[in-house]
Amino acid sequence: CKILRCNSEYVAATLPLRGPGRGAAFCTALRSYSRCTRRTARTCRGDLAFHSAVHGIEDLMIQNNCSKEGPTAPPRPRPPAPDRQGFESLDVCDYERSFLYKHGRPPAFQHCAAFGDPHIRTFHHDFHTCRVEGSWPLLDNDYLFVQATSSPVAEGSNATVTSKLTIIFKNMKECIDQKVYQAELDNVPAAFQDGSVNGGARPGGSSLAIRERAPGRHVEIRAAYIGTTIAVRQAGRQLSFSIRAAEEVARAFTEEQDLQLCVGGCPRSQRLSRSPRGRGRLPADAARALCREMLPVEDVYFQSCVFDVVTSGDANFTMAARGALEDARLFLPDAEKLHIFQ
(Lines give C-alpha, C1' and ligand atoms only; values in the text may rest on other atoms or scores of the structure.)
Protein backbone atom coordinates (compact mmCIF):
# COMPACT_ATOMS: atom_id res chain seq x y z
CA CYS A 1 0.00 0.00 0.00
CA LYS A 2 1.51 3.29 -1.13
CA ILE A 3 -0.87 5.72 0.59
CA LEU A 4 2.03 7.39 2.44
CA ARG A 5 3.53 8.41 -0.90
CA CYS A 6 0.22 10.05 -1.87
CA ASN A 7 0.15 11.84 1.48
CA SER A 8 3.73 13.05 1.08
CA GLU A 9 3.14 14.36 -2.44
CA TYR A 10 0.07 16.27 -1.25
CA VAL A 11 1.96 17.81 1.68
CA ALA A 12 4.82 18.82 -0.64
CA ALA A 13 2.39 20.37 -3.15
CA THR A 14 0.47 22.44 -0.59
CA LEU A 15 3.31 23.63 1.68
CA PRO A 16 4.11 26.66 -0.54
CA LEU A 17 0.41 27.63 -0.83
CA ARG A 18 -0.58 30.37 1.61
CA GLY A 19 -3.16 33.13 1.79
CA PRO A 20 -6.55 33.76 0.15
CA GLY A 21 -5.23 33.46 -3.41
CA ARG A 22 -4.33 29.82 -3.09
CA GLY A 23 -7.79 28.53 -4.19
CA ALA A 24 -7.24 27.17 -7.72
CA ALA A 25 -3.80 25.72 -6.95
CA PHE A 26 -5.10 24.12 -3.76
CA CYS A 27 -8.01 22.49 -5.63
CA THR A 28 -5.56 21.18 -8.23
CA ALA A 29 -3.46 19.63 -5.46
CA LEU A 30 -6.57 18.04 -3.90
CA ARG A 31 -7.61 16.50 -7.23
CA SER A 32 -4.09 15.11 -7.67
CA TYR A 33 -4.25 13.70 -4.16
CA SER A 34 -7.63 12.09 -4.93
CA ARG A 35 -6.31 10.55 -8.16
CA CYS A 36 -3.32 9.10 -6.28
CA THR A 37 -5.55 7.50 -3.62
CA ARG A 38 -7.77 5.94 -6.29
CA ARG A 39 -4.69 4.27 -7.79
CA THR A 40 -3.89 2.68 -4.42
CA ALA A 41 -7.49 1.68 -3.55
CA ARG A 42 -7.13 -2.01 -4.32
CA THR A 43 -4.06 -2.57 -2.13
CA CYS A 44 -5.04 -0.10 0.63
CA ARG A 45 -8.62 -1.15 1.42
CA GLY A 46 -7.65 -2.43 4.89
CA ASP A 47 -5.47 0.57 5.75
CA LEU A 48 -6.67 3.18 8.26
CA ALA A 49 -4.44 5.87 6.72
CA PHE A 50 -6.06 5.25 3.31
CA HIS A 51 -9.63 5.61 4.60
CA SER A 52 -8.69 8.68 6.62
CA ALA A 53 -7.13 10.28 3.53
CA VAL A 54 -10.21 9.58 1.36
CA HIS A 55 -12.59 11.14 3.89
CA GLY A 56 -10.20 14.05 4.48
CA ILE A 57 -10.04 14.85 0.76
CA GLU A 58 -13.84 14.87 0.48
CA ASP A 59 -14.13 17.26 3.45
CA LEU A 60 -11.43 19.62 2.12
CA MET A 61 -12.97 19.74 -1.36
CA ILE A 62 -16.32 20.71 0.11
CA GLN A 63 -14.78 23.32 2.43
CA ASN A 64 -12.83 24.92 -0.42
CA ASN A 65 -15.59 24.65 -3.06
CA CYS A 66 -13.41 22.50 -5.30
CA SER A 67 -14.95 20.63 -8.22
CA LYS A 68 -14.02 16.99 -8.70
CA GLU A 69 -13.42 17.62 -12.40
CA GLY A 70 -10.53 19.83 -13.45
CA PRO A 71 -6.78 19.97 -13.96
CA THR A 72 -4.41 17.90 -11.85
CA ALA A 73 -0.74 18.65 -11.32
CA PRO A 74 2.16 16.23 -11.66
CA PRO A 75 3.56 15.23 -8.27
CA ARG A 76 6.08 17.68 -6.87
CA PRO A 77 9.37 16.50 -5.39
CA ARG A 78 9.37 15.85 -1.66
CA PRO A 79 10.75 18.54 0.65
CA PRO A 80 14.52 18.07 0.93
CA ALA A 81 14.60 17.89 4.73
CA PRO A 82 13.90 14.27 5.74
CA ASP A 83 13.05 15.24 9.32
CA ARG A 84 10.26 17.65 8.33
CA GLN A 85 7.14 16.93 10.44
CA GLY A 86 5.07 15.54 7.58
CA PHE A 87 3.36 12.31 6.63
CA GLU A 88 6.63 10.92 5.31
CA SER A 89 8.11 10.93 8.84
CA LEU A 90 4.93 9.91 10.62
CA ASP A 91 4.60 6.49 12.23
CA VAL A 92 1.50 4.93 10.66
CA CYS A 93 1.39 2.41 13.51
CA ASP A 94 0.69 5.13 16.09
CA TYR A 95 -3.02 5.77 15.48
CA GLU A 96 -3.50 8.62 17.96
CA ARG A 97 -0.47 10.57 16.75
CA SER A 98 -1.43 10.07 13.10
CA PHE A 99 -5.02 11.15 13.75
CA LEU A 100 -3.91 14.27 15.63
CA TYR A 101 -1.60 15.25 12.78
CA LYS A 102 -4.22 14.73 10.07
CA HIS A 103 -7.23 16.25 11.85
CA GLY A 104 -5.74 18.71 14.32
CA ARG A 105 -7.52 17.07 17.25
CA PRO A 106 -7.30 13.80 19.18
CA PRO A 107 -9.60 10.94 18.09
CA ALA A 108 -12.88 10.14 19.81
CA PHE A 109 -13.14 6.87 21.73
CA GLN A 110 -15.90 4.44 22.70
CA HIS A 111 -16.16 1.90 25.53
CA CYS A 112 -17.82 -1.53 25.71
CA ALA A 113 -17.76 -4.17 28.45
CA ALA A 114 -19.05 -7.69 29.06
CA PHE A 115 -18.88 -9.15 32.57
CA GLY A 116 -20.77 -11.34 35.01
CA ASP A 117 -24.00 -12.92 33.79
CA PRO A 118 -22.97 -11.61 31.09
CA HIS A 119 -23.98 -7.98 31.39
CA ILE A 120 -23.24 -5.92 28.27
CA ARG A 121 -22.44 -2.22 28.26
CA THR A 122 -22.57 -1.19 24.59
CA PHE A 123 -20.62 1.51 22.78
CA HIS A 124 -23.81 3.60 22.97
CA HIS A 125 -24.20 3.28 26.79
CA ASP A 126 -27.08 0.80 26.61
CA PHE A 127 -26.94 -1.88 29.31
CA HIS A 128 -28.36 -5.39 28.95
CA THR A 129 -28.23 -8.60 30.92
CA CYS A 130 -28.14 -11.50 28.48
CA ARG A 131 -28.86 -15.23 28.40
CA VAL A 132 -26.77 -15.83 25.24
CA GLU A 133 -25.63 -19.40 25.92
CA GLY A 134 -23.03 -20.57 23.40
CA SER A 135 -20.72 -18.38 21.31
CA TRP A 136 -21.62 -14.80 20.38
CA PRO A 137 -19.59 -12.02 18.73
CA LEU A 138 -18.89 -8.98 20.88
CA LEU A 139 -17.09 -7.28 17.98
CA ASP A 140 -16.77 -8.03 14.27
CA ASN A 141 -15.22 -5.22 12.26
CA ASP A 142 -12.40 -4.64 9.79
CA TYR A 143 -9.72 -4.72 12.48
CA LEU A 144 -10.99 -6.89 15.34
CA PHE A 145 -13.06 -9.98 15.95
CA VAL A 146 -14.01 -10.80 19.56
CA GLN A 147 -16.11 -13.83 20.47
CA ALA A 148 -17.43 -14.72 23.92
CA THR A 149 -18.49 -18.26 24.79
CA SER A 150 -21.01 -18.56 27.63
CA SER A 151 -22.23 -21.44 29.76
CA PRO A 152 -24.85 -21.68 32.57
CA VAL A 153 -23.77 -20.08 35.85
CA ALA A 154 -25.44 -22.94 37.76
CA GLU A 155 -27.34 -26.10 36.90
CA GLY A 156 -30.94 -25.32 35.99
CA SER A 157 -30.30 -21.54 35.81
CA ASN A 158 -31.21 -19.24 32.90
CA ALA A 159 -28.21 -17.06 33.74
CA THR A 160 -24.92 -17.63 31.91
CA VAL A 161 -21.33 -16.47 32.36
CA THR A 162 -18.45 -16.02 29.93
CA SER A 163 -16.17 -19.05 30.11
CA LYS A 164 -14.00 -18.35 27.04
CA LEU A 165 -12.86 -15.29 25.09
CA THR A 166 -11.28 -15.31 21.62
CA ILE A 167 -9.80 -12.07 20.24
CA ILE A 168 -8.43 -11.82 16.71
CA PHE A 169 -6.30 -8.81 15.75
CA LYS A 170 -6.56 -8.85 11.97
CA ASN A 171 -3.51 -8.51 9.75
CA MET A 172 -2.44 -4.91 9.09
CA LYS A 173 0.32 -4.94 6.51
CA GLU A 174 2.52 -2.08 7.76
CA CYS A 175 2.12 -2.90 11.43
CA ILE A 176 1.26 -6.42 12.61
CA ASP A 177 0.79 -10.02 11.62
CA GLN A 178 -2.62 -11.47 12.45
CA LYS A 179 -2.61 -12.40 16.15
CA VAL A 180 -5.06 -14.53 18.13
CA TYR A 181 -5.54 -14.22 21.89
CA GLN A 182 -7.57 -16.79 23.81
CA ALA A 183 -8.52 -16.90 27.48
CA GLU A 184 -10.46 -19.59 29.33
CA LEU A 185 -11.43 -20.10 32.96
CA ASP A 186 -8.25 -20.54 35.02
CA ASN A 187 -6.15 -19.80 31.94
CA VAL A 188 -5.69 -16.08 31.27
CA PRO A 189 -2.31 -16.04 29.52
CA ALA A 190 -0.04 -13.05 29.04
CA ALA A 191 0.76 -14.10 25.45
CA PHE A 192 -0.91 -14.71 22.11
CA GLN A 193 -1.70 -18.24 20.96
CA ASP A 194 1.62 -18.49 19.10
CA GLY A 195 3.52 -17.64 22.31
CA SER A 196 4.45 -14.10 21.22
CA VAL A 197 3.79 -10.98 23.29
CA ASN A 198 3.68 -8.43 20.45
CA GLY A 199 2.56 -7.94 16.87
CA GLY A 200 5.43 -9.80 15.22
CA ALA A 201 8.55 -8.94 13.23
CA ARG A 202 7.08 -6.15 11.09
CA PRO A 203 8.37 -2.60 11.68
CA GLY A 204 5.27 -1.75 13.72
CA GLY A 205 5.18 -5.03 15.67
CA SER A 206 5.64 -3.25 18.99
CA SER A 207 2.38 -1.34 18.40
CA LEU A 208 0.53 -4.45 19.64
CA ALA A 209 1.59 -5.67 23.08
CA ILE A 210 0.29 -7.65 26.06
CA ARG A 211 0.93 -6.61 29.64
CA GLU A 212 0.12 -8.77 32.66
CA ARG A 213 -1.60 -6.75 35.39
CA ALA A 214 -2.28 -9.63 37.82
CA PRO A 215 -0.78 -13.08 37.11
CA GLY A 216 -3.41 -15.41 35.68
CA ARG A 217 -6.23 -12.97 36.48
CA HIS A 218 -5.87 -9.71 34.53
CA VAL A 219 -4.14 -8.81 31.26
CA GLU A 220 -4.15 -5.64 29.21
CA ILE A 221 -3.64 -5.65 25.44
CA ARG A 222 -2.65 -2.36 23.84
CA ALA A 223 -3.14 -2.03 20.08
CA ALA A 224 -1.64 1.41 19.43
CA TYR A 225 -1.87 0.98 15.64
CA ILE A 226 -5.70 1.15 15.91
CA GLY A 227 -5.94 3.29 19.05
CA THR A 228 -7.45 0.44 21.09
CA THR A 229 -6.90 -1.03 24.56
CA ILE A 230 -8.50 -4.27 25.82
CA ALA A 231 -8.67 -5.65 29.37
CA VAL A 232 -9.42 -9.33 30.09
CA ARG A 233 -10.08 -10.42 33.68
CA GLN A 234 -11.15 -13.49 35.62
CA ALA A 235 -13.15 -13.05 38.84
CA GLY A 236 -14.76 -16.06 40.44
CA ARG A 237 -15.87 -18.54 37.78
CA GLN A 238 -16.27 -16.07 34.94
CA LEU A 239 -14.27 -13.96 32.49
CA SER A 240 -14.84 -10.31 31.69
CA PHE A 241 -13.94 -8.13 28.71
CA SER A 242 -13.54 -4.35 28.44
CA ILE A 243 -12.43 -2.25 25.49
CA ARG A 244 -11.58 1.35 24.70
CA ALA A 245 -11.66 1.67 20.92
CA ALA A 246 -11.14 4.58 18.57
CA GLU A 247 -14.54 5.57 17.19
CA GLU A 248 -13.34 5.16 13.60
CA VAL A 249 -12.24 1.59 14.37
CA ALA A 250 -15.43 0.66 16.26
CA ARG A 251 -17.53 1.79 13.28
CA ALA A 252 -15.50 0.04 10.57
CA PHE A 253 -17.93 -2.73 9.67
CA THR A 254 -20.42 -3.60 6.94
CA GLU A 255 -24.12 -4.48 7.03
CA GLU A 256 -23.17 -8.16 6.94
CA GLN A 257 -21.36 -7.71 10.27
CA ASP A 258 -24.56 -6.65 12.02
CA LEU A 259 -24.48 -9.01 15.02
CA GLN A 260 -22.12 -7.42 17.54
CA LEU A 261 -23.14 -7.28 21.20
CA CYS A 262 -20.89 -4.24 21.75
CA VAL A 263 -22.79 -2.36 19.03
CA GLY A 264 -26.43 -3.43 19.35
CA GLY A 265 -26.53 -5.17 22.74
CA CYS A 266 -28.03 -8.62 23.08
CA PRO A 267 -31.10 -9.52 21.00
CA ARG A 268 -34.44 -8.90 22.73
CA SER A 269 -35.18 -12.61 22.93
CA GLN A 270 -31.97 -13.09 24.94
CA ARG A 271 -32.44 -10.32 27.53
CA LEU A 272 -33.05 -11.02 31.21
CA SER A 273 -34.41 -8.84 34.00
CA ARG A 274 -31.87 -7.97 36.69
CA SER A 275 -34.54 -8.09 39.43
CA PRO A 276 -33.78 -11.19 41.58
CA ARG A 277 -36.82 -13.46 41.35
CA GLY A 278 -37.63 -16.86 42.72
CA ARG A 279 -35.20 -18.88 44.78
CA GLY A 280 -31.60 -17.83 44.46
CA ARG A 281 -28.52 -19.37 45.99
CA LEU A 282 -28.12 -16.42 48.36
CA PRO A 283 -30.74 -14.06 49.88
CA ALA A 284 -31.01 -10.72 48.09
CA ASP A 285 -30.33 -8.72 51.28
CA ALA A 286 -27.08 -10.61 51.86
CA ALA A 287 -26.06 -10.09 48.23
CA ARG A 288 -26.79 -6.35 48.45
CA ALA A 289 -24.63 -6.07 51.57
CA LEU A 290 -21.72 -7.83 49.84
CA CYS A 291 -22.03 -5.68 46.71
CA ARG A 292 -22.29 -2.45 48.69
CA GLU A 293 -18.82 -3.10 50.14
CA MET A 294 -17.35 -3.02 46.63
CA LEU A 295 -19.77 -0.68 44.84
CA PRO A 296 -21.01 2.25 46.94
CA VAL A 297 -23.08 3.73 44.05
CA GLU A 298 -26.28 1.77 43.34
CA ASP A 299 -26.06 1.95 39.56
CA VAL A 300 -26.26 -0.84 36.96
CA TYR A 301 -22.92 -2.24 38.08
CA PHE A 302 -24.37 -2.62 41.59
CA GLN A 303 -27.60 -4.14 40.26
CA SER A 304 -25.59 -6.58 38.15
CA CYS A 305 -23.48 -7.53 41.15
CA VAL A 306 -26.58 -8.31 43.24
CA PHE A 307 -28.08 -10.38 40.41
CA ASP A 308 -24.88 -12.42 39.96
CA VAL A 309 -24.32 -13.07 43.66
CA VAL A 310 -27.97 -14.09 44.23
CA THR A 311 -27.94 -16.37 41.18
CA SER A 312 -24.55 -18.00 41.75
CA GLY A 313 -24.13 -17.77 45.53
CA ASP A 314 -20.49 -16.81 44.79
CA ALA A 315 -19.24 -13.68 46.56
CA ASN A 316 -16.34 -13.45 44.08
CA PHE A 317 -18.80 -12.00 41.57
CA THR A 318 -18.58 -8.72 43.46
CA MET A 319 -15.04 -8.48 42.05
CA ALA A 320 -16.33 -8.91 38.49
CA ALA A 321 -18.58 -5.85 38.77
CA ARG A 322 -15.87 -3.90 40.58
CA GLY A 323 -13.33 -4.72 37.85
CA ALA A 324 -15.75 -3.67 35.10
CA LEU A 325 -16.35 -0.36 36.90
CA GLU A 326 -12.60 0.22 37.26
CA ASP A 327 -12.09 -0.44 33.53
CA ALA A 328 -14.92 1.95 32.66
CA ARG A 329 -13.34 4.62 34.85
CA LEU A 330 -10.09 4.24 32.87
CA PHE A 331 -11.56 3.73 29.40
CA LEU A 332 -14.56 6.08 29.24
CA PRO A 333 -13.72 9.43 27.64
CA ASP A 334 -16.70 11.08 29.36
CA ALA A 335 -16.54 10.60 33.14
CA GLU A 336 -20.13 11.83 33.50
CA LYS A 337 -21.30 8.68 31.69
CA LEU A 338 -19.50 6.32 34.07
CA HIS A 339 -22.60 5.43 36.10
CA ILE A 340 -25.81 4.28 34.40
CA PHE A 341 -29.04 4.25 36.41
CA GLN A 342 -32.03 2.17 35.34
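This passage walks through one sheet, a residue within that sheet, and two helix pairs in a predicted model.

The sheet comes first. It is open and has four strands, laid out in the order β4-β5-β6-β7, and the pairing is antiparallel. At the edges sit β4, covering 134–140, and β7, covering 179–184; each of these has a pairing partner on one side only. Going from one strand to the next, the twist averages 20°. Strand β6 spans residues 160–169, and six bridges tie β6 to β7 in the antiparallel sense. To put a residue pair on that, I168 stands opposite V180 of β7.

Next door in sequence is I167, also part of strand β6. Its relative accessibility comes out at 0%, and because anything under 20% is called buried, I167 falls in the buried class. What surrounds I167? Leaving aside residues up to four places away in sequence, I167 touches L144, F145, V146, K179, V180, Y181, I221, I230, V232 and F241. One of these contacts, K179, lies twelve residues from I167 in sequence, with 8.3 Å between the two C-alpha atoms.

Now for the helices. Helix α2 (residues 23–39) and helix α4 (residues 48–63) have axes that come within 10 Å of each other and cross at roughly 150°. Angles over 145 degrees count as roughly antiparallel, so that is how α2 and α4 run relative to each other. Their crossing is left-handed. On the α2 side, the contact is made by L30, R31, Y33, S34 and T37, which meet F50, A53, V54, I57, L60 and M61 of α4. Sorted by class, that contact has eight nonpolar residues, two polar ones and one charged one.

The other pair is made up of helix α9 (residues 300–312) and helix α10 (residues 317–331), whose axes are 8 Å apart and meet at an angle of about 160°. Here too the cut-off of 145 degrees is passed, and α9 and α10 are therefore roughly antiparallel to each other. Which hand does the crossing of α9 and α10 have, left or right? It is right-handed, whereas that of α2 and α4 is left-handed. From α9, the residues Y301, C305, D308, V309 and S312 meet F317, T318, A321, A324, L325 and A328 in α10. The class tally for α9 with α10 reads eight nonpolar, two polar and one charged.

Terms used
Residues are numbered from 1 along each chain as its sequence is written. This is a predicted model: local features need pLDDT of at least 70, side-chain atom pairs count only at pLDDT 80 or more; totals for chains, interfaces and linings use all residues. Side-chain values use heavy atoms; hydrogens and water are left out. Two strands pair if DSSP finds at least two bridges between them. Helices (H or I, at least four residues) and strands (E, at least two) are DSSP runs, numbered from the N terminus. Axes are lines fitted to C-alpha atoms, for helices over the stretch in contact, and angles run from 0 to 180 degrees between N-to-C directions. Angles under 35 degrees count as roughly parallel, over 145 as roughly antiparallel, 65 to 115 as roughly perpendicular and the rest as oblique. A crossing is left-handed if the near helix is turned anticlockwise from the far one by less than a right angle, and right-handed if clockwise. Contact means heavy atoms within 4.5 Å. Ala, Val, Leu, Ile, Met, Phe, Trp, Tyr, Cys and Pro count as nonpolar, Asp, Glu, Lys and Arg as charged, and the others, Gly among them, as polar. Buried means under 20% relative accessible area, exposed over 50%, partly exposed in between (1.4 Å probe, protein chains only).
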